[in-house]
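Grab a pencil and your favourite viewer. Here are a few short exercises, each with a worked solution to check yourself against.

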Amino acid sequence: MGRRNKTRQKKTKYCDYSLFFLVIFLLGFGLVMLYSVSAYNANLKYDGDTLHYLRRQGFAAVLGITAMIAISKIDYHIWIYFGNFAYFLALVLCVAVLFMTDARNGSTRWMQLGPLNFQPSELAKMATILFLSGIVCRIPKQIGKFANLIKVMIMIVPIFVIVAYANLSTAIIIMGIAIVITFVASPKYWQFFAMGGVGIVGGGVLFIMAATYRMDRIDAWLHPENYTSDTAFQTLQGLYAIGSGGLFGKGLGQSMQKLGFVPEAQNDMIFSIICEELGLFGAMCVILLFLLMIWRLMVIANNASDLYGALIVSGIMAHIAIQVILNIAVVTNTIPNTGITLPFISYGGTSTSFLLAEMGLALSVSRGIRLEGTEHD
């Protein structure tokens with residue numbers, strides 16, 4: 001008698017290496033562009049040290065990649081026990097930074113930790129993801145009730161208000177993360193549109209009136225040609241860079257606007273230099289890479305082994321998507337100028353390190369996915 005073949009189901013462990021390589025590619029591209037954009041400015045400000053910004057960003061990238069790999073190997077369920085602590089720590093640090101630091105560029109956002117500068121608002125984004133994911137996954141059936149939804153959102157108000165005092169754009173990202181996480185868990189959609197309308201109109205008016213420079217930024221956004229302020233000047237020079245790049249750009253390293261015309265081009269306005277050097281084609285490739293990253297995060301969230309994992313990845317996806325949209329909207333003068341970096345590409349050690357740590361969380365969730373297959377005996 002021939003041996004009868006038996007077929008049985010087996011479960012295969014999975015890790016989203018596509019996301020991992022997208023992160024590494026974007027990070028590598030960001031370092032190349034950072035050197036191209038910042039070398040001239042660094043040469044002037046740091047006595048001929050053209051590698052100043054690249055060196056610091058490279059150090060943050062190494063720390064972030066180390067954290068990403070380490071976190072990806074840790075069972076993400078353990079973070080549910082640290083969500084409350086992370087939120088409280090971020091809240092304390094965001095309050096402390098208002099009193100313990102000197103103002104930079106008109107705002108107080110940095111905390112000095114020895115030779116390093118640390119932005120507590122970056123910790124606040126990640127803490128919000130862990131904190132809200134833990135809260136919502138404990139009451140998944142109750143989150144559909146509008147009263148319970150309001151209670152959950154009220155928990156985010158303290159850190160939103162404190163961060164918004166010094167950095168409204170980061171506060172918008174934090175609120176966006178909170179809305180997406182609760183949106184994913186809730187079966188009712190109409191209440192989010194109601195909340196969003198009230199929050200955008202009410203909160204926007206309140207915080208614009210709280211700081212006079214925000215009203216000036218709106219006026220400069222509407223009529224940049226009438227202003228000689230740094231904000232309007234930066235916006236106009238950024239638009240000149242985008243327009244002069246054409247379809248395929250002037251070539252890597254050939255930008256003219258980075259030679260002192262676009263202030264601090266390596267920070268928020270780096271996308272305008274990408275457009276100038278690599279053209280519309282290069283800019284679309286960058287946007288496509290971010291879309292691929294968001295798609296991979298959606299795949300992980302949809303296939304996560306439990307609600308907690310799905311909410312964590314949804315929060316990370318919201319963080320990346322909102323930050324990319326806001327940065328490109330500012331650079332193209334679609335919205336008023338505000339301090340938002342382009343993820344993995346703009347100069348900013350704290351932002352890069354925490355973004356990479358979040359990618360580690362997403363990879364950890366992806367490791368929990370089990371692929372169904374067949375095995376023949």
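**Exercise 1.** Work out which residues M359 is in contact with, leaving aside its neighbours within four places in sequence.

*Solution.* Start with the cut-off: contact means heavy atoms within 4.5 Å. With that in hand, M359 is in contact with L19, V23, M68, M293, L297, I316, I320 and F344. Next, look at the setting: M359, M293 and F344 are the residues with the most contacts inside the largest nonpolar core, which has 98 residues. Such a core is a set of buried Ala, Val, Leu, Ile, Met, Phe, Trp, Tyr and Cys residues joined through side-chain atoms within 4.5 Å. Buried here means under 20% relative accessible area, exposed over 50%, and partly exposed in between (1.4 Å probe, protein chains only).

A word on the ground rules: this is a predicted model, where local features need pLDDT of at least 70 and side-chain atom pairs count only at pLDDT 80 or more, while totals for chains, interfaces and linings use all residues. Residues are numbered from 1 along each chain as its sequence is written, and side-chain values use heavy atoms, with hydrogens and water left out.

**Exercise 2.** Find where S38 sits, and decide: buried or exposed?

*Solution.* First, locate S38 in helix α1, residues 17-45 (helices are DSSP runs of H or I, at least four residues, numbered from the N terminus). Then check the accessibility: S38 is at 0%, so it counts as buried. Finally, skip residues up to four places away in sequence, and S38 touches Y53 and Q266.

**Exercise 3.** Tell which residues of helix α6 are buried, and where they lie around the axis.

*Solution.* Scan residues 157-166: the buried ones are I159, F160, V163, A164 and A166. They cover an arc of only 160 degrees around the axis, so they are on the same side of α6. The arc is that of the directions from the helix axis to the C-beta atoms.

**Exercise 4.** Compare the settings of two salt bridges, E264 with K45 and E277 with K258.

*Solution.* The rule asks for a side-chain nitrogen of Lys or Arg within 4 Å of a carboxyl oxygen of Asp or Glu, and the count comes to 6 salt bridges. Take E264 and K45, which meet at 3.6 Å, N to O. This pair links the loop between α10 and α11, home of E264, to K45 in helix α1, 219 residues apart. E264 is partly exposed at 32% relative accessibility, and K45 is partly exposed at 43%. Now turn to E277 and K258, whose closest N and O atoms are 3.0 Å apart. E277 lies in helix α11 and K258 in the loop between α10 and α11, so the pair ties together parts 19 residues apart in sequence. Here E277 and K258 are both buried.

Methods. Helix = DSSP H or I, 4+ residues; strand = E, 2+ residues; numbered from the N terminus.
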